[in-house]
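Visitor: Hey, could you walk me through the charged pairs in this one?
Guide: Sure, pull it up and we'll go through them.
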Amino acid sequence: MNALAGTGALVRLAFRRDRIMLPVWIYILVAFAFSAATLKDLYPTVESRVQAAASNNDTTAIVAIYGRVYDPTALGNTQGMLKILVLGSLLIALLSIFIVVRHTRAEEETGRLELLGATVVGRYAALTAGLLVAFGISITIGLLAAVVFIAVGLPVAGSIVAGLAWASVGIAFAGISALVAQLTESARTARAISSAVLGAVYLIRAFGDTSEAGGPRWLSWLSPIGWSQQFRPYAGDRWWVVLITIGFAVAVTIAAYALVARRDLNAGLLPDRPGPAGSTSLRSPLALAWRLQRGLMLGWAAGFVALGAALGGIASNIGDMANSQDARDLITKLGGTQALSDAFLAAEFGFVGIFASAYGIQAAMRLHAEETGLRAEPLLATQVSRVRWALSHITIALVGTTVIVVAGGLSAGLSYGATVDDMGQVGRLLGAGLVQLPAAWLLTGIVVAAFGLAPRLIMAGWAALVAFLLLGELGPVFELNQSTMDISPYAHVPKLPAADLTVTPIAWLLAIALALTAAGLVGFRRRDVG
């Protein structure tokens, strides 16, 4: 049989299965690119762009997060555009990881690929289909982003290079995740390793960019994220960097194909690490849930500590960074106050709440993964009740969300307080983090409600998060009325530390989150398992 037999059918199947998820991701990234229309107007003059670039490049924390401005006079090469390019690159990398692992390792883990392999489907068909989908979506997003950048008035050549930079990151991480998927038997582990690689190359890029002129700046050239910045859109337009990306993608893809040929179906090349024969620490469903999810929680907590430290460092320099009146007005509008630093922190803690919601969704969806993986039924066949088992993972999701937000708030407070020599800021920024929890818990409640009432709609949590994000980002652009904007729970979160604390919206968010969770538990008690 031809090793690629059935590839076309698997590609069509992949698009069929992802017919909702892929358009949503494309829409998010294209809408994110559209925000360049507002950012490019923050620095209308060459003088304002030069000042902003100097502030960006002189602030180590900003350079570590977003990179350097290479041509301060260019219209599209501002710190705002760097933010769009970097965050867009991270999102498209995560999308490629999800696509490839979903259609390769996850298919093997569930046993579906073995059934397909018994038909006219070749050995390399699944891997090829996953890569083709990831490559195609990456290129499509890159092209659409370039069109959007051009449409908002940015230079044509630089816009095409910016879209190419986005697409290159997706292509590179499609190859990386294809290689990682051959190493382990678990799709969850494959996604975790691929995501860890993404975090590592981001840190390598950050270390290289923040090095002194005579230091190891060459480290940025060891990172796919660094390559995307070395395209230097609007600041030289280095088209040739795509050759590095393509060469890397070809190399890791060849390695992935070589490993597919050397391993058994459903097996990974990394040795399994069986746990102890028995453990006294696993005496309850909650203890088991903690054992299963502790790695995820600790990883998110570490990320929030780093994020909080960076936000605190940037906030102390925000006055120098926002040197135009338009920039000050934008940050003040986002934060809802005239105090620039507090407004910036309020706006950024809004993103902290969104990230915390993503963790809560991911942790709560473990309920569905345990059920579909047939690991819940053996537990429920014992004296463990359905509600008790479900509450164990819900507790981890809610407590974990609290832990990571507290970690981020304390880190931001310590960083900012040390910089401005006022450790009283620790309590203020911790409070700014804690008020984000009700909205994040509401998203967790949506997942629980879907799990209990309609398991086929388990992706409702991610869909709701995307919808709320789009309301917040595009609502002002399209001048939506306030009642429509208020559908998002994030619209009701007090904008601390800039504004006063209001208890009523927090109480309503908590009540809705509790009602959704209770509805999910009642539904789970009444429906069939599996």
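Guide: What follows is a quick chat about salt bridges and where their partners sit.
Guide: This is a predicted model, where local features need pLDDT of at least 70 and side-chain atom pairs count only at pLDDT 80 or more, while totals for chains, interfaces and linings use all residues. Residues are numbered from 1 along each chain as its sequence is written, and side-chain values use heavy atoms, with hydrogens and water left out.
Visitor: How many salt bridges does a search of the whole structure find?
Guide: Eight, counting a side-chain nitrogen of Lys or Arg within 4 Å of a carboxyl oxygen of Asp or Glu.
Visitor: What does Arg17 form a salt bridge with?
Guide: Glu107, with the closest N and O atoms 2.8 Å apart. Arg17 lies in helix α1 (residues 7–17) and Glu107 in helix α7 (residues 105–110), so the pair ties together parts 90 residues apart in sequence. Helices here are DSSP runs of H or I, at least four residues, numbered from the N terminus.
Visitor: Is Glu107 buried or exposed?
Guide: Buried, at 6% relative accessible area; Arg17 is partly exposed at 28%. Buried means under 20%, exposed over 50%, partly exposed in between (1.4 Å probe, protein chains only).
Visitor: Switching topic, what about Asp342?
Guide: Asp342 forms a salt bridge with Arg428, closest N and O atoms 2.9 Å apart. That links helix α17 (residues 340–364) to helix α21 (residues 425–434), with the partners 86 residues apart.
Visitor: And which residues are linked in a network?
Guide: Arg366, Glu370 and Arg375, through salt bridges.

How values were computed: Helix = DSSP H or I, 4+ residues; strand = E, 2+ residues; numbered from the N terminus.
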